[in-house]
Amino acid sequence: MRRIHPDIQDNPDIVQAYAYPEDRPWLRLNMVASADGAAWLKGRSGPLSSTGDKRVFQLLRGLADVIVAGAATVRKEGYGPVPPRDTWAEIRQGRPEVPPIAVITRSLALDLDGDLFCDAPSKTIVITCEAAPHDRRKEAAKRADLIVAGEEGVDMRRAVAELHQRGLTKVLCEGGPRINAQLSAAGLVDELCLSISPLLVGGGAARIQNGEPAQVALDLSQVLEEDGVLFCKYTRAVHGDDEGAQP
């Protein structure tokens, strides 16, 4: 892997390259897309990935306090518990050996008997709203750390604030596109890590954001490259009184 922006460097320290700021909470999106902007191929993101992308993906998980994903992504991608990794020992010093996963869901259509809830070393978090089915909320509360944030739908600002109250301030969101769009529209996104696969997909695949409109100005802070895959890191631009998102 090499860095090609803002400077040229072979074999950069990628832990340092993706380190979170220490002076404030930070919400990072991590997504992979084809060269023409598709967020998946045949319904899943895996076919767009590469060896380097998997390495960055695992590092970003190790650096995070919590991994956030929408229920549709959890179902489609077959999420299970985050396994401990020996390579994370240093970067997770003073924290649990793995970050918990937080699932955002209005319907609570989750397999509460699955590995994600029964075998996770860090208790899975479920973020839902008052309108979720009452019986499902009771079941989820038995199996997970249940957060109710919002009335008819999940209020992203309240959801993220609840994570912060639990000391989970280094937030990694892995999508999907609708969750990303809601976070952007709420002005909560500080950083986008985007792996661009050298592949044209076409068809009806979603972009990395779908749904609520948002205009969030970004600065390109870093580009890494390996085997034709670009690993771009964008940080939210701050210009005067810029509020970051304009729904």
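1. Let us start just past helix 7, where Gly187 follows the helix with a positive phi, near 70°. Please keep in mind while looking around that this is a predicted model. Helix 7 itself is mostly covered, with seven of its nine residues buried. Those buried residues are Pro177, Ile179, Asn180, Ala181, Leu183, Ser184 and Ala185. Their cover includes strands 3, 4 and 5, along with helix 6 and strand 8 (170-173).

2. The approach to helix 7 is worth a look too. Gly175 and Gly176 are joined by a cis peptide bond, with omega about 5°. Gly176 belongs to the loop between strand 8 and helix 7. Another cis bond runs from His5 to Pro6, where omega is near 5°. Pro6 sits in the loop between strand 1 (2-5) and strand 2 (9-10).

3. Now turn to helix 6, which spans residues 156-165 and has Met156, Ala159, Val160 and Leu163 buried. These residues lie on the same side of helix 6, because they cover an arc of only 95° around the axis. On the other side of the helix, Arg157 and Gln165 are exposed.

4. What does the buried part of helix 6 pack against? Its partners are helix 7 (177-185) and five strands listed here: strand 3 (26-34), strand 4 (66-70), strand 5 (101-104), strand 6 (125-128) and strand 7 (145-148). At the N-terminal end, Asp155 acts as a cap for helix 6, with a side-chain oxygen 3.0 Å from the backbone nitrogen of Arg157. After helix 6 comes Gly167, which has a positive phi near 80°.

5. Strand 3 also contains Ser34. Is Ser34 buried or exposed? Ser34 is buried, because its relative accessible area is 2%, and the cut-off for buried is under 20%. Setting aside residues up to four places away in sequence, Ser34 touches Leu48, Ile196, Ser197, Leu199 and Val201.

6. Two residues other than glycine also deserve a friendly flag for positive phi. Lys42 has a phi of about 55° and lies in the loop between strand 3 and helix 2 (51-63). Lys42 counts as exposed, because its relative accessibility is 80%. For Leu108, phi is near 60°, and its place is in the loop between strand 5 and helix 4 (115-118). Leu108 counts as buried, because its relative accessibility is 2%.

7. Where is Pro84 found? Look in the loop between helix 3 (71-76) and strand 5. Pro84 is partly exposed, since its relative accessibility is 46%. Pro84 and Glu97 are 13 residues apart in sequence, while their C-alpha atoms are 6.1 Å apart in space. Leaving out neighbours within four places in sequence, Pro84 is in contact with Glu97 and Val98.

8. On aromatic rings, the structure has zero aromatic pairs. Charged ends do sit over rings, though: that of Arg28 is over the ring of Tyr20, 4.2 Å from its centre. Likewise, the charged end of Lys76 sits over the ring of Trp40, at 4.7 Å from the ring centre.

9. Finally, a word on annotation. An unreviewed UniProt entry carries "domain: Bacterial bifunctional deaminase-reductase C-terminal" for residues 25-223. In this model, that span is 26% helix and 22% strand, and its end C-alpha atoms lie 23 Å apart.

Key: Residues numbered from 1 in each chain as written. Heavy atoms only, no water. Phe/Tyr/Trp six-rings, centres within 6.5 Å; stacked < 30°, edge-to-face > 60°. Lys NZ or Arg CZ within 6 Å of the ring centre and 35° of its normal. Buried < 20%, exposed > 50% of the residue type's maximum accessible area, 1.4 Å probe, protein only. Helix = DSSP H or I, 4+ residues; strand = E, 2+ residues; numbered from the N terminus. Arc of directions from axis to C-beta. Contact = heavy atoms within 4.5 Å. Polar contact = N/O pair within 3.5 Å; in protein donor to acceptor, adjacent residues only side chain to side chain. UniProt positions renumbered as here; feature names shortened; annotations may be inferred.
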